[in-house]
Amino acid sequence: MREELLVLESTGSTNDDALALGREGAPHGSAVAARLQTAGRGRRGHAWESPRGNLYLSVVLRPQVSPTRLPGLAAACGLGVLDGLKELGIANEAQLKWPNDVLARRRKLAGILVEASRDNAGEPFAVCGVGVNVARTPRGMGAVCLAELGAEPSLTELAEALRAGVARRAAEWASLPGELPLDGIVDEYEACLAWRGEKVRALAASDGTELARGVLEGVDRWGRAVVDGVAYASELASLRPIP
């Protein structure tokens, strides 16, 4: 089966579509893109507004790594999204917001959601979903879109560039030696990290209560954000800049 990019006018969730393809054995790099999602979702099952005019893309990934390394896949995919934007000449201002967003001009440009599953043969695979603000931004998000940055690639052109970037980065990451999630990519990830060296607030993922304030030093090889020497896992905390 050959990898391919399926472009839809509308769908419920491109991640659900890609998960279905993966379960049927679709190869690494196969992808589904849509102009509109009616049932998009973000991290922790949150509903995700998916207005027409933006890009919703999900890529089937089959990295052969140990379960210990798998949490690093989202970071590798983030680097792949930046690679895809660079291919189109529109990543000069882009940074990675730990753990799963892409920022431009300190505002959200794209979100990333990685979900793991098994196919009908029992083999593990994952899907990387990417939502990019192309022509408009979701309401009340303080976000930015590519049009505001002076770039409006076609949906197919953007989808193919991101598909290729994510698939390539995931494969390269999986081939690197190491035992921990960010082995081999931690330095490059930190070089793209938003707010590094700045003061941030660490908030509890469960209820948003403030856990700490301090300087974001970077990330460790486990993929945890390090704030004033304390490491926070993405399952337990999120970060906000302090103006």
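This is a short walk through a predicted model, one selection at a time.

Before you click, note that residues are numbered from 1 along each chain as its sequence is written, and that side-chain values use heavy atoms, with hydrogens and water left out. Because the model is predicted, local features need pLDDT of at least 70 and side-chain atom pairs count only at pLDDT 80 or more, while totals for chains, interfaces and linings use all residues.

**Stop 1: Ser58 and its company**

Select Ser58, which sits in strand β3, residues 55-61. Helices (H or I, at least four residues) and strands (E, at least two) are DSSP runs, numbered from the N terminus. Is Ser58 buried or exposed? Its relative accessibility is 0%, so Ser58 counts as buried; buried means under 20% relative accessible area, exposed over 50% and partly exposed in between, using a 1.4 Å probe and protein chains only.

Now show what Ser58 touches, taking contact as heavy atoms within 4.5 Å. Leaving aside neighbours within four places in sequence, Ser58 is in contact with Thr14, Asn15, Ala18, Ser30, Ala31, Val32, Val127, Cys128 and Gly129.

Two of these deserve a distance label. The side chains of Ser58 and Thr14 share a polar contact of 2.7 Å, and those of Ser58 and Asn15 share one of 2.5 Å. A polar contact is a pair of N or O atoms within 3.5 Å; within protein, one must be able to donate a hydrogen and the other to accept it, and residues adjacent in sequence count only if both atoms are side-chain atoms.

Asn15 belongs to helix α1, residues 14-23, and is buried at a relative accessible area of 5%. Stay with Thr14 for a moment and add Gln37: the side chain of Gln37 reaches the backbone nitrogen of Thr14 at 2.9 Å. Gln37 is in the loop between β2 (31-34) and β3, and with a relative accessible area of 10% it is buried.

**Stop 2: Ala31**

Hop to Ala31, a contact of Ser58 in strand β2. Ala31 is buried, with a relative accessible area of 1%. Not counting residues up to four places away in sequence, Ala31 touches Glu4, Leu5, Leu6, Leu57, Ser58, Val59 and Arg163.

**Stop 3: two cysteines**

Select Cys77 and Cys128. How many disulfides are there? The count is zero, with a disulfide taken as a pair of cysteine sulfur atoms within 2.5 Å. Cys77 is in no disulfide, and its nearest cysteine sulfur, that of Cys128, is 3.6 Å away. From the other side, the sulfur of Cys128 has Cys77 as its closest cysteine partner, but at 3.6 Å that is too far for a bond. Cys77 is buried, with a relative accessible area of 0%, and Cys128 is buried with 0% as well.

**Stop 4: a cavity**

Next, look for empty space. On a 1 Å grid over the protein atoms alone, a cavity is a set of points where a 1.4 Å probe fits but cannot get out, and a pocket is an open set with protein on both sides within 12 Å along at least five of seven lines; lining residues have an atom within 4 Å of a point. Grid points are joined across faces, edges and corners, and a volume is the space filled by probe spheres set on the points.

The structure holds one cavity of 30 Å³ or more. To find the largest cavity, select Ala74, Ala75, Gly78, Leu96, Lys97, Pro99, Asn100, Asp101, Ile112 and Tyr189, which line it. α2 (73-87) and β4 (94-97) each supply at least two lining residues, and α2 gives the most, with three.

**Stop 5: a pocket**

The second largest pocket has a volume of about 570 Å³. Of its 26 lining residues, the closest to its centre are Pro71, Ala74, Pro99, Ser234 and Glu235. The largest share of this lining, four residues, comes from β6.

While you have Pro99 selected, check the bond before it: Trp98 and Pro99 are joined by a cis peptide bond, with omega about 0°. Pro99 is in the loop between β4 and β5 (101-104).

**Stop 6: two positive phi angles**

Arg105 is in the loop between β5 and β6. Its phi is near 55°, a positive value in a residue other than glycine, and Arg105 is partly exposed at 40% relative accessible area.

Finish at Asp228, in the loop between β10 (225-227) and β11 (230-232). Asp228 has a positive phi of about 50° although it is not a glycine, and its relative accessible area of 45% makes it partly exposed.
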